[in-house]
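Open your viewer and get ready to click along. We will go from one selection to the next and look at what each one shows.

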Amino acid sequence: MPDDRLEREAGGLVAGVDEVGRGPLAGPVVAAAVLLPASGFPAHLAGLIDDSKKLDAAARDRAFAALLAEPGITIGIGAASVTEIGRLNILHASMLAMRRAVERLPTIPDLALVDGNRAPALPCAARCVVGGDAKCLSIAAASIIAKVVRDRAMARLARRYPVYGWERNAGYPTPAHRAGLTEFGPTPHHRTAFGLVRQLLAMRMEAVA
């Protein structure tokens, strides 16, 4: 389970930062920054928080609601669009989303703990934490916020594009999503440089030529 050792060692205002959505074939990449009070991570919330990948949807929703309701915690959310992913590539788009999340906090932290081995350019000091969503409570909290926000956005898009199963797969390349792509082709929300999407677009261009 993640703990708040790194936050306590740093002192001051610390934010955990994480992103979700690097691997899907469709949709934006979304990041969250969770800024803790100077007193640290609220102890009564710690039992709800874990790496978002280890929690089922109901547990993520409970943690999401608790984090939003906690008066001592502030949250910034950033995203990079499919267009920006295509222009920048997914790595740099993820960095952009994380930077936007931190910049949208009402107070800039003294330190950002960033999941992974590479941090974006931020308006504060940053420390990378590899596997941080499984080690660090503030990063795990950010992973939950980003995951729930992105999943809900994809579920809304699924109402307009029901054949891809985005309400279930959030744009990841599941068999149902791949089958929908093969039969109906890509939407404006698909990432044109990614795998099957790129192949289908190339085949369509060849057919027209």
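What follows is a short tour of a predicted model.

**Stop 1: a pair of helices**

Two packed helices are described by the angle between their axes and the distance between the axes. Select residues 57-69, which form helix 2, and residues 137-160, which form helix 5. How do the axes of helix 2 and helix 5 cross? They come within 9 Å and cross at roughly 110°. Angles from 65 to 115 degrees count as roughly perpendicular, so helix 2 and helix 5 are roughly perpendicular to each other. The crossing of these two helices is left-handed.

Now show the side chains where the two helices meet. From helix 2, pick Arg60, Asp61, Ala63, Phe64, Leu67 and Leu68. Their partners in helix 5 are Ala141, Ile144, Ile145, Lys147, Val148, Val149, Asp151 and Arg152. Sorted by class, this contact has 9 nonpolar and 5 charged residues, and no polar ones.

**Stop 2: helix 2 by itself**

Keep helix 2 selected and check its length. With 13 residues at 1.5 Å a residue, helix 2 should span 18 Å; its end C-alpha atoms are 18 Å apart, so the two values agree.

Which residues of helix 2 are buried? They are Ala59, Arg60, Ala63, Phe64, Ala66 and Leu67. An α-helix has 3.6 residues a turn, so residues three or four places apart point the same way. To see what covers the buried residues of helix 2, add strand 3 (74-80) and helix 5, which are included in that cover.

**Stop 3: Ile49**

Next, click on Ile49, in the loop between strand 2 and helix 2. Is Ile49 buried or exposed? Its relative accessibility is 1%, so Ile49 counts as buried. Leaving out residues up to four places away in sequence, Ile49 touches Met1, Pro2, Phe41, Ala63, Leu67, Leu137, Ala140, Ala141 and Ile144. Among these, Ala63 and Leu67 also take part in the meeting of helix 2 with helix 5, as do Ala141 and Ile144. Try a distance label too: Ile49 and Pro2 are 47 residues apart in sequence, yet their C-alpha atoms are 7.7 Å apart.

**Stop 4: two positive phi angles**

Most residues other than glycine have a negative phi, and most peptide bonds are trans. Select Asn89, whose phi is positive, near 85°. Asn89 is in the loop between helix 3 (82-88) and helix 4 (90-103). Its relative accessible area is 35%, so Asn89 is partly exposed.

Then move to Ala170, where phi is also positive, near 55°. Ala170 lies in the loop between helix 6 (166-169) and helix 7 (175-184). With a relative accessibility of 6%, Ala170 counts as buried.

**Stop 5: Gly23**

Go to the loop between strand 1 (14-20) and strand 2 (29-35) to find Gly23. Gly23 counts as partly exposed, at 41% relative accessibility. What does Gly23 touch, not counting residues up to four places away in sequence? The answer is Tyr172, Pro173, Arg191 and Phe194. Measuring C-alpha to C-alpha, Gly23 is 8.7 Å from Ile90, although 67 residues separate them in sequence.

**Stop 6: Ala125**

Finish at strand 5 (residues 125-129), where you will find Ala125. Ala125 is partly exposed, with a relative accessible area of 42%. Beyond residues up to four places away in sequence, Ala125 touches Asp110, Leu111 and Ala112. For a last distance label, pick the C-alpha atoms of Ala125 and Leu113: they are 8.8 Å apart, with the two positions 12 residues apart along the chain.

Conventions. Residues numbered from 1 in each chain as written. Predicted model: local features only at pLDDT ≥ 70, side-chain atom pairs only at ≥ 80, totals over all residues. Heavy atoms only, no water. Axes fitted to C-alpha atoms, helices over the stretch in contact; angles between N-to-C directions. Helix = DSSP H or I, 4+ residues; strand = E, 2+ residues; numbered from the N terminus. Parallel < 35°, antiparallel > 145°, perpendicular 65-115°, else oblique. Left-handed = near helix turned anticlockwise from the far one by under 90°. Contact = heavy atoms within 4.5 Å. Nonpolar A, V, L, I, M, F, W, Y, C, P; charged D, E, K, R; others polar. Expected span 1.5 Å × (residues − 1). Buried < 20%, exposed > 50% of the residue type's maximum accessible area, 1.4 Å probe, protein only.
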